[in-house]
Amino acid sequence: MSEDKLTPTSLTETLQSLQQKGLPPVHDWNPGFCGEIDMRICVDGHWEYMGSPIGRESMVRLFSTVLRHDDDGHFYLVTPVEKVRITVDDVPFVAVSVETVDEHLVFTTNVGDKVVLNQQQPLRLSDAGRGVPYILVRDRLEARIHRNVYYELVSMAELQMVHDQEQLCIKSGEHYYSLGMVE
């Protein structure tokens, strides 16, 4: 497929023909690189095409199911026959809410993914444990924890000693996760 024919509409048509239960196996697909598409995921989690917001939430959710972060550091929308590079300002998702379910913290992203904070989907802090919190959503794709959600986490946190440093920690299941060091 030539680069000038790559559009959200053509990708949507391909994706709708592949719809199945659950997430598609994008990590198993290895199509040829088809070029870049002028699509961008902004820091606040909204998606744009050619500088304009993609207003259809269902289309954004559909695209998010075929998003992949490859070893080269770039993000791609991948189908069995196409692989197009897109721009991601920070990470592709934003964790917009958190709730406690059976003693586990469960985050919901801006595209509707549910993520249980656990050792397979951990929390990490940018900037050597002092920065922005992120949670792994799936396959090298992360969500930035929204500021309001972060404040909610801080309100439920406890002080813990970790490696001889006092840290603010939250508990999910049997494990504690640091929100950062206390000065």
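Is Cys42 buried or exposed? I looked this up at the start: at 5% relative accessibility, Cys42 counts as buried. I note here that the model is a predicted one.

**Entry on cysteines**

I then turned to Cys34, which is likewise counted as buried, at 13% relative accessibility. I searched the whole structure for disulfides and recorded zero.

**Entry on the sheet**

I traced an open sheet of six strands, whose order is E3-E2-E1-E6-E5-E4 and whose pairing is mixed. Strands E3 and E4 stand at the edges with a single partner strand each, so one side of each has no neighbour in the sheet. As background, I recall that strands of a sheet pair through backbone hydrogen bonds, either parallel or antiparallel.

At the E3 edge I looked at the pairing with E2. The two strands run antiparallel and are joined by two bridges. I noted that Tyr49 has Ser52, in E3, as its bridge partner.

I next asked which strands helix H2 lies across. Helix H2, residues 57–64, lies across E1 (33–41), E2, E4 and E5. I recorded its direction relative to E2 as about 95°.

**Entry on positive phi**

I looked for residues other than glycine with a positive phi and wrote down two cases. Met50 has a phi near 55°. I placed Met50 in the loop between strand E2 (47–49) and strand E3 (52–53). At 55% relative accessibility, Met50 counts as exposed, because the cut-off for that class is over 50%.

Asp164 has a positive phi of about 60° and is not a glycine. I found Asp164 in the loop between strand E13 (158–162) and strand E14 (165–172). With a relative accessible area of 73%, Asp164 is exposed.

**Entry on salt bridges**

How many salt bridges does the structure hold? I recorded 11, and I inspected several of them individually.

I began with Lys83 and Asp70, which form a salt bridge with the closest N and O atoms 2.9 Å apart. The pair links distant parts of the chain, 13 residues apart: Lys83 is in strand E6 (residues 83–88), and Asp70 is in the loop between strand E4 (67–69) and strand E5 (75–78). I noted that both Lys83 and Asp70 are buried.

My next pair was Arg140 and Asp71, whose salt bridge has its closest N and O atoms 2.5 Å apart. Here too distant parts of the chain are linked, with the two positions 69 residues apart: Arg140 is in the loop between strand E11 (133–138) and strand E12 (141–145), and Asp71 is in the loop between E4 and E5. I recorded Arg140 as partly exposed, at 40% relative accessibility. Asp71 is exposed, with a relative accessible area of 75%.

I then examined Lys114 and Glu99, whose side chains meet in a salt bridge at 3.8 Å, N to O. This pair also links distant parts of the chain, 15 residues apart, with Lys114 in strand E9 (residues 114–116) and Glu99 in strand E7 (residues 93–101). I recorded Lys114 as exposed, with a relative accessible area of 55%. Glu99 is partly exposed, at 41%.

Finally, I asked which residues are joined into one network by salt bridges that share partners. I found Arg40, Glu48 and Asp89 joined in this way.

Definitions and conventions:
Residues numbered from 1 in each chain as written. Predicted model: local features only at pLDDT ≥ 70, side-chain atom pairs only at ≥ 80, totals over all residues. Heavy atoms only, no water. Salt bridge = Lys/Arg side-chain N within 4 Å of Asp/Glu carboxyl O. Helix = DSSP H or I, 4+ residues; strand = E, 2+ residues; numbered from the N terminus. Buried < 20%, exposed > 50% of the residue type's maximum accessible area, 1.4 Å probe, protein only. Disulfide = S-S within 2.5 Å. Pairing = 2+ DSSP bridges. Contact = heavy atoms within 4.5 Å. Axes fitted to C-alpha atoms, helices over the stretch in contact; angles between N-to-C directions.
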